[in-house]
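User: I would like to learn how to read a fold from its coordinates, taking one feature after another. Could you take me through an example?

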Amino acid sequence: MPNPAELLPFVHLLCDEAAKITLNHFRQSIDVMQKKDASPVTIADQNTEAMLRKQILKKYPNHAIIGEEFGLSGGGEWQWVIDPIDGTRSFISGFPTYATLIALLHHQQPVLSVIDMPALGERFVAIKDRPTTLNGQSISVSSIDTLNNAKLQSTDPGMFTQQQWQKRQQLAKNVALDRFNGDGYLYAMLAAGWIDLVVEADLKPHDFLPLLLIVEQAGGMITDWSGNPLTAESDGEVIAAATSALHQAALKQLQSTN
C-alpha cells in the first residue's frame, strides 16, 4: 500500500514530464480536433495523458486510471485521476492558465492531489492531513465569510444550463466581484486566498476530483450545489468557498432561486 507522502517524488516526476510535452506545444501551431461532446482536444492532450498512463502503470501496474482522453482502465482500491490539459481552450488560445491535474484516490477518496501550472511555474500539492502547498510553501484560504465581501469566479457562462445560469447570476448580484475564466486554476487561487468563491457546472470527475484536497487542505469547502460531498457520481455542479459561513450563504442563495 503506497504512502501518499512517499509518492511525492513520483508525482513531481509525472508533472515535470507532462510539462515538457505541453510546453513544447504551447503557443505553437497545433491542430485542434473536436471530441464527441464538441469540446476541443489536441495532440498535446493525448500525448500527455498517454505518457502519464505509461509511467503510472509501469510503477503501479495494479492501479486503476481514469483520464479525460482515454477513459477508465483497470480496477481496485487505488485509482489515479488525470486531466492532462485542464483548460484546453485556454491552452490553444495561448493563455498560461491551463493546468495538469492529477489525483490519487483510495477507496474513492482522494489522498493526494496536484494542480500543476507549467506555463506559470506554479505547482499546488495537497496530501491528506497536510496543508496545501504552492511550490513547497503552505497556503491557506481567505477569511471572507460574507457574500458582500466575496470575490466570485466561474470559468465560462456556457457551462451552465438556463436554470443554473439564473441561480448563478442571482448569487453574483450579492458579491463584491464577479469574473470569468480560469478552469482548475480558480480552485488553486481560492486555496491561496486570492479569490473566495467558485461556482461551476457541467464538470466531469476528472475536472473536479483532483481539486478536492487542494481546497480542503487549505481550509476551504467544496461540495455540489446541494452541499453534498463530491464523488465520481456527482452531477458536475460544484461550489467551493473559503469558509464554512461563506459556503452556507452561497448555498442558501443558490437553493432559494427557482
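Analyst: What follows goes from the whole chain to its sheets, its helices and two single residues.

User: Before we begin, what kind of model is this, and how are its residues numbered?

Analyst: This is a predicted model, in which local features need pLDDT of at least 70 and side-chain atom pairs count only at pLDDT 80 or more, while totals for chains, interfaces and linings use all residues. Residues are numbered from 1 along each chain as its sequence is written, and side-chain values use heavy atoms, with hydrogens and water left out.

User: How many helices and strands does the chain have, and how compact is it for its length?

Analyst: Helices (H or I, at least four residues) and strands (E, at least two) are DSSP runs, numbered from the N terminus; by that reading the chain has 8 helices and 15 strands. Its radius of gyration, taken over C-alpha atoms, is 17 Å, close to the 18 Å from the globule rule (2.2 Å times the number of residues to the power 0.38) for 258 residues, so the chain is as compact as a globular protein of that length. Along the principal axes, the C-alpha atoms fill a box of roughly 50 × 40 × 30 Å.

User: What share of the residues is buried, and what share of the contacts links distant parts of the sequence?

Analyst: Buried means under 20% relative accessible area, exposed over 50%, and partly exposed in between, with a 1.4 Å probe and protein chains only; buried residues make up 55% of the 258 in the chain. A contact means heavy atoms within 4.5 Å, and among contacts with a separation of 6 or more, 61% are between residues 24 or more positions apart.

User: How should I read a sheet, and which strands stand at the edges of the one with 8 strands?

Analyst: Strands of a sheet pair through backbone hydrogen bonds, either parallel or antiparallel, and here two strands are taken to pair if DSSP finds at least two bridges between them. The open sheet of 8 strands has the order β4-β3-β5-β6-β7-β8-β9-β10, with mixed pairing. β4 and β10 (137-138) are its edges, each having a single partner strand, so one side of each is left without a neighbour in the sheet.

User: Where does the mixed pairing show around β3?

Analyst: With β5 (residues 78-86), β3 (residues 64-67) pairs in the parallel sense over 4 bridges, and A64 stands opposite Q79 there. With β4 (residues 71-73), β3 runs antiparallel, joined by 3 bridges; G67 stands opposite G71, and the two strands form a hairpin with 3 residues between them. Further along the sheet, β8 (residues 122-127) and β9 (residues 133-134) pair in the antiparallel sense over 2 bridges, with F124 and L134 as bridge partners.

User: What is the strand order of the sheet with 5 strands?

Analyst: This open sheet, also with mixed pairing, has the order β12-β11-β13-β15-β14. Its edge strands are β12 (177-180) and β14 (221-223), each pairing on one side only, and the twist averages 15° from one strand to the next. Inside it, β11 (residues 151-154) and β13 (residues 197-200) pair in the parallel sense over 2 bridges, where L152 has L197 as its bridge partner.

User: Which strands do the helices lie across?

Analyst: For such angles, axes are lines fitted to C-alpha atoms, for helices over the stretch in contact, and angles run from 0 to 180 degrees between N-to-C directions. Helix α4 (residues 162-172) lies across β11, β12 and β13 at about 140° to β12, while α8 (residues 244-256) lies across β13, β14 and β15 (238-241) at about 145° to β15. Helix α2 (residues 43-59) lies across β3, β4, β5 and β6 (99-106), running at about 155° to β5.

User: Why do the buried residues of α4 line one face?

Analyst: An α-helix has 3.6 residues a turn, so residues three or four places apart point the same way. In α4 the buried residues are Q164, K167, R168, L171 and A172. Seen down the helix axis, they fall within an arc of 140° (taken from the directions from the axis to the C-beta atoms), so they line one face. These buried residues pack against β11, β12, β13 and α8.

User: Finally, are T22 and N24 buried or exposed?

Analyst: T22, in helix α1 (residues 8-25), counts as buried because its relative accessibility is 0%. Leaving out residues up to four places away in sequence, T22 touches T48, P84, I85, F91, Y98 and P118. N24, also in α1, counts as exposed because its relative accessibility is 54%.
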